[in-house]
Amino acid sequence: MKKGDRVVLPFNVACGFCKNCLAGQTGFCLVVNAGFAGGAYGYVAMGPYRGGQAEYLRVPFADFNCLQLPRGDEHEDDFALLADIFPTGYHAATLAEVGPGESVCVFGAGPVGLMAAYSAMIKGASKVFVVDKVPGRLKLVEQIGAVPIDFSKGDPIAQIKDQTDGEGTDKGIDAVGYQATAEQGEEQPALVLNSLVEAVRPTGMLGVVGLYVPSDPGGPTEHAKNGELLFKMGKLFEKGLRMGTGQANVKAYNRQLRDLIIAGRAAPSFLATQRLPLESAPDAYKRFDKREDGWTKVLLKPGQNA
Ligand SMILES: NC(=O)c1ccc[n+]([C@@H]2O[C@H](COP(=O)([O-])OP(=O)(O)OC[C@H]3O[C@@H](n4cnc5c(N)ncnc54)[C@H](O)[C@@H]3O)[C@@H](O)[C@H]2O)c1
Ligand SMILES: [Zn+2]
């Protein structure tokens, strides 16, 4: 690392030398957050690291964590997405072991779900369904050549099965997490996991990058408050399904994804809906948090004038 280098950082903080880092599992570093596997910037339980939406960031083990970018300012918005959602979407497709010619259903058309669908296509999927109900997000699904499934217009599992000869997809991705809502908007923490168990065909694989937490004080039931969900384990077993979970190991993919961007083979910033100065962050977060239509992904530009 030299002063003046242009770099992008993973949202994970990792040491580079513990046994998980050495195995490429940098989302589960054993060193940077004592007593816990994994550290991240500005994230609950993930260590003493301040958030990255700032003009300056203190970076431990910088030589290991920084990914070098070409000089200049080309692909700036695409490269910014290498910090989290592009590698996270790619991780989802990797956990689901998406391969050429396969069909995939993705629940959630937020930034992570859109990147998961995009990554599934990079990995050669022939048909990708993305489930959500926010119109602007479903439009982006269509724009990348995936099939939008609007769950406010009817059971998403039936809609997916109708378009896969009644069989369901080969693979499935959870890009929603425990804050999944039913059609009317009430929170049902296990809804997306159970939908995947139904929508994916027997022997399929599930990639779960949507967040689940060991305790959720705002959870709708006593069990949910303790991170215990009513999950269709019997159906999962009966169908011989497998499931991969967890934080994305950004460093396992960000160099390769950077090179796809440089080669013109990937341009993830298609999903950016706003580019705003840092001062607009509180308002932008509020709008994003409400899933306001038209606020899919905000890129903050420190130094840009309000
Ligand atoms: N594993 C990781 O490393 C990692 C990294 C980044 C984000 N995440 C997690 O990924 C998840 C998605 O992130 P995001 O930024 O895209 O969030 P987001 O909230 O913008 O997107 C979630 C989308 O899911 C939709 N949704 C809600 N209930 C649904 C249902 N029943 N069926 C289908 N869609 C439904 C919502 O309308 C929303 O558009 C979050 O849980 C986030 O914490 C994980
Ligand atoms: Zn480590």
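Cys105 is buried in this predicted model, because 35 other C-beta atoms lie within 10 Å, and the cut-off for a buried residue is 20 or more. The residue is found in strand E5. Across the sheet, Cys105 has Phe129 of strand E6 as its bridge partner. Cys105 and Thr26 are 79 residues apart along the chain, and their C-alpha atoms are separated by 27 Å.

**Strands around E6**

Strand E5, which spans residues 103-107, runs parallel to E6, and 5 bridges join the two. Helix H5 belongs to this arrangement as well: E5, H5 and E6 make a β-α-β unit that is right-handed. On to strand E7, residues 147-150, E6 is joined by 4 bridges, and this pair is also parallel. Here Asp132 stands opposite Asp150 of E7. A right-handed β-α-β unit is likewise made by E6, helix H6 (residues 135-143) and E7. E6 itself is mostly covered, with 5 of its 6 residues buried.

**Surroundings of ligand 1**

Which residues are the closest to ligand 1? They are Gly108, Gly110, Val112, Gly177 and Leu211, within a shell of 28 residues. Helix H5 (111-122), strand E6 (127-132) and helix H8 (191-199) are the elements that give two or more residues to this shell. Of the elements, H5 gives the most, with 3 residues. By class, the shell has 15 nonpolar residues, 8 polar residues and 5 charged residues.

**Domains and nonpolar core**

The protein chain is divided into domain 1, residues 7-83, and domain 2, residues 88-245. The C-alpha centres of these two domains lie 27 Å apart. The largest nonpolar core has 66 residues, and the members that touch the most others are Val106, Ala116, Ala117 and Val130. H5 gives the most to this core, with 7 residues. At least three residues of the core come from each of domain 1 and domain 2. Helix H5 therefore appears in three settings: it gives the most residues to the shell around ligand 1, it gives the most to the largest nonpolar core, and it takes part in the unit with E5 and E6.**Residues with positive phi**

Most residues other than glycine have a negative phi, and most peptide bonds are trans. Two residues of this model, His75 and Arg291, have a positive phi although neither is a glycine. The loop that holds His75 lies between strand E4 (67-68) and helix H3 (76-80). Arg291 has its place in the loop between helix H12 (281-289) and strand E12 (298-300).

| Residue | Phi | Other C-beta atoms within 10 Å |
|---|---|---|
| His75 | near 60° | 19 |
| Arg291 | about 50° | 15 |

His75 counts as partly exposed because it has 19 other C-beta atoms within 10 Å, where 20 or more would make a residue buried. Arg291 is partly exposed as well, because 15 C-beta neighbours lie inside 10 Å, and a residue is exposed at 12 or fewer.

Technical notes
Residues are numbered from 1 along each chain as its sequence is written. Chains are lettered from A and ligands numbered from 1 in the order in which they are written. This is a predicted model: local features need pLDDT of at least 70, side-chain atom pairs count only at pLDDT 80 or more; totals for chains, interfaces and linings use all residues. A residue is near a molecule or strand if its C-beta atom, placed from the backbone, lies within 6 Å of it. Ala, Val, Leu, Ile, Met, Phe, Trp, Tyr, Cys and Pro count as nonpolar, Asp, Glu, Lys and Arg as charged, and the others, Gly among them, as polar. Two strands pair if DSSP finds at least two bridges between them. A crossover is right-handed if, with the strands pointing away from the viewer, the path from the first strand over the helix to the second runs clockwise. Domain bounds come from an automatic or database domain assignment. A nonpolar core is a set of buried Ala, Val, Leu, Ile, Met, Phe, Trp, Tyr and Cys residues joined through C-beta atoms within 7 Å.
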